[in-house]
Amino acid sequence: MSDSSQWKGYLISYSNDSLLLQSPYIHNDCTVYGPDSDSTTMAVAGIQYLQNQGHHITAIHLTESIDAKVIFMSTSVDSPQRNEELPTATVDWQVIEGEEATLVLSQSDAEHFEFDEPTGTEIMDDDLFNDMNAAWEHECSKQHVSQGAYVSQSQYLEGGTARLSLASQSFEGQIIWPPRQMDSSGNRLPREEGLLSDRATVESWTKLSAAGAPSEFSLRAPILGGIQTLLVKFDEGPRGVFLVCDDVDYSPTIGDQVEFGVRRIYAQEGLIRYGLKAIPSLN
Amino acid sequence: MFVAGNGAFLDSTGASYGFGLKKDRLNQMLVLPRLVMVDVAVIGAGQTKYGNHQLGLKGMWAEAAENAFASVDQDFDPRQVDEAFIGSVAFGGGQLGNTAALLTEHSGMEGVPVRRVENACASSGFALRDAWMAIKSGQADVVVAGGIEKMNDLSPERKRFWLGVSGDTEWERLAGLTFPGTYALMARRHFHEHRSTHDDLVHISVKNHMHGFENQQAHLQKQVSFEKAASGFMVADPLTLYDCCPTSDGASCVILAADHVVRQFTDDPVWLRSSGAGSDRLALHDRPSITQLVATQKASKSAYSAAGITATDVDLAEVHDCFTVAEMIATEDLGFAESGQGGMFARDGRGIRNEGSVCINPSGGLKSKGHPLGATGTGQAVEVFKQLRGSVESERQVRDAQIGITHNVGGSGATCAVHVFGRDRNE
């Protein structure tokens, strides 16, 4: 028997220290990724679930389709795909990618796993599925030159750990996020050491029309009918702005509790930019 | 004749010095303590009409400069200009470098020390401040401050990119925010904290369209009914199309002079009594509050103090209403309404020309007059100059106007410049 439930927008089933993650969306009887998910985002969620369950994961073997840098920045879990010098003995977990939008994370070498069928699937609209896939395909192609905000790869990677794992600084009793460079006396602040909690309260929100959305979202915003952004305050004090997961039907209210999951933000120069998006809290 | 330190002498009118000689003298004075505090006057101001221009950068700037030169009561020779500061975001990137040198070259100011000033939408507000400081410091006697932006010759995608470059690119843009979004977050929070409503914003929109209707320089010269403004297309919930300023092409130019040379140019100057400025954290989420702009509070406090006035002394204010909520918050930060009461201020019509306690945005503001980013700050000064001299269209003249201010904000409040203008000099 396994425990079946939802985690960061995915369906999960946990059994014998192995984890099944499955996208909740069904299209033409197949399980498919939601509008802003892929194997990388699901693998991050899986590792975070296992860490949340008390597993100490040092390294994990990833599949080719998974962005190893994003896994490392999000979870601090290394992989041979990112670090070729990683001792093989330390890699005691692996990700197995199913044909449909399904992943298994396990320490076992078994070829067959048994999980309870996750519940909570929903049918994905035909147009939404096709249009979003086409939009991402176009956006991810190297030929596509986005007129969007230019966040260079180095700038994106410099802030990556804070963006993907909520790594925060601690200085004179204050928790600081996003990271800052100096205090008001001109002293350099320490590097990020702790992590913010995964929960925050909505302080304001907006929904930008497709016409008002930044140009890097110009391919997908019309399909989604606009994009939603929340201003939230974390329990520790810092505030942040986050997109709402594209695949969540959610009308925010000030005071709502949200949690966060790694999702695709947009693509530029053939590289997908990942970041945290807000998910309405189930609790 | 004023006496400066170490035996240096300064003529109170400057008329007896040729400009070459004067510059030599000023250069000598770089090393001398200055005892004379110079007052600064606006001797001329002009702009293009804001809107969709067929003219390019050079043509627009030449038109604004020509109008400013023509507004000087005595003959004005651009070769008399000692320094020039031109604000621009260089929207579109077409002339990102050396913008100002190109423009002065084409407006009779060839050879004048010049630079582009960039502070997002507050670019020319800060150009004006820099010009004011150049005269106050004694380094220049006649200075041009101006601004320019060409926004409507880009594809929609490029335009949306450039409209967002002044926010926190790394964090806000990755959360899908451009300025309609950031100001929408501010509006919703203000509604929540202070029980203001979208109807309050509609009142602002209607008022500014009413003010701008008679302004021949305005981009959107049309009145808007409350019902229409209340039911506009949703741009960034809760802000509709009627809460947002247009993207405009335009240029504006202001000529400042030191008190000792003013009479060469006019007997009817408007005095630039003070300049205040402030800054704040760039990203909305890094600020303790998003329902007030600390930069505006700092800038106005500094400007009012230096001019020896309070908010109640102000007859008219050109306020940075890139979105209607920006005006609502500004009326609080500038001291016209109590904190949290900006909505009620708008609802009660207290900013309506010749009806309220102070006329807010007699030009129509950014909402109606338009918002060519880099040109907006000095464009506001053009309006105040004309209002205080009684030279606007008669139907939109603010009665008995003695003191006017300009309030120019960069981005969502990262930078702000406030200037106080008066018919009289500081006492």
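Helices (H or I, at least four residues) and strands (E, at least two) are DSSP runs, numbered from the N terminus. This is a predicted model, in which local features need pLDDT of at least 70, side-chain atom pairs count only at pLDDT 80 or more, and totals for chains, interfaces and linings use all residues. Residues are numbered from 1 along each chain as its sequence is written, while chains are lettered from A and ligands numbered from 1 in the order in which they are written.

**Exercise 1. Cis peptide bonds**

Task: locate the cis peptide bond that ends at P238(B), then the one between W177(A) and P178(A).

Solution:
- Step 1. Start with the bond from D237(B) to P238(B): omega is near 15 degrees, which is cis.
- Step 2. Place P238(B): the loop between β7 and β8 (239–240) of chain B holds this residue.
- Step 3. Go to chain A. W177(A) and P178(A) are joined by a cis bond with omega of about -10 degrees.
- Step 4. P178(A) sits in the loop between β11 (174–176) and β12 (194–195) of chain A.

**Exercise 2. Positive phi outside glycine**

Task: for K8(A) and A120(B), decide whether each is buried or exposed.

Solution:
- Step 1. Fix the cut-offs. A residue is buried if 20 or more other C-beta atoms lie within 10 Å of its own, exposed if 12 or fewer, and partly exposed in between; C-beta atoms are placed from the backbone.
- Step 2. K8(A) is not glycine, yet its phi is positive, near 50 degrees. K8(A) lies in the loop between β1 (3–7) and β2 (10–15) of chain A. K8(A) has 23 C-beta neighbours inside 10 Å, so it is buried.
- Step 3. A120(B), also a residue other than glycine, has a positive phi near 55 degrees. Its loop runs between β5 (114–117) and α4 (123–136) of chain B. A120(B) has 22 other C-beta atoms within 10 Å, so it is buried.

**Exercise 3. A hairpin in chain A**

Task: describe the pairing of β14(A) and β15(A) and the surroundings of β15(A).

Solution:
- Step 1. Two strands pair if DSSP finds at least two bridges between them. Here five bridges join β14 (residues 227–234) of chain A to β15(A), and the strands run antiparallel.
- Step 2. Find a facing pair: F242(A) in β15(A) is opposite L230(A).
- Step 3. Check the turn. Four residues lie between the strands, and G237(A) has a positive phi near 120 degrees.
- Step 4. Split β15(A) by direction. R239(A), V241(A) and L243(A) point one way, G240(A) and F242(A) the other.
- Step 5. Five of the five residues of β15(A) (residues 239–243) are buried, so the rest of the structure largely encloses this strand.

**Exercise 4. The contact between chains**

Task: state how many residues of chain B are in contact with chain A, and which element supplies the largest share.

Solution:
- Step 1. Contact requires C-beta atoms, placed from the backbone, within 7 Å. By that test 29 residues of chain B meet 32 residues of chain A.
- Step 2. On the chain B side, α5 (156–163), α6 (179–194) and β7 (234–236) each supply at least two residues.
- Step 3. α6(B) gives the largest share, seven residues.
- Step 4. Sort by class: Ala, Val, Leu, Ile, Met, Phe, Trp, Tyr, Cys and Pro count as nonpolar, Asp, Glu, Lys and Arg as charged, and the others, Gly among them, as polar. The chain B side has 13 nonpolar, seven polar and nine charged residues.

Terms used:
Two residues are in contact if their C-beta atoms, placed from the backbone, lie within 7 Å.
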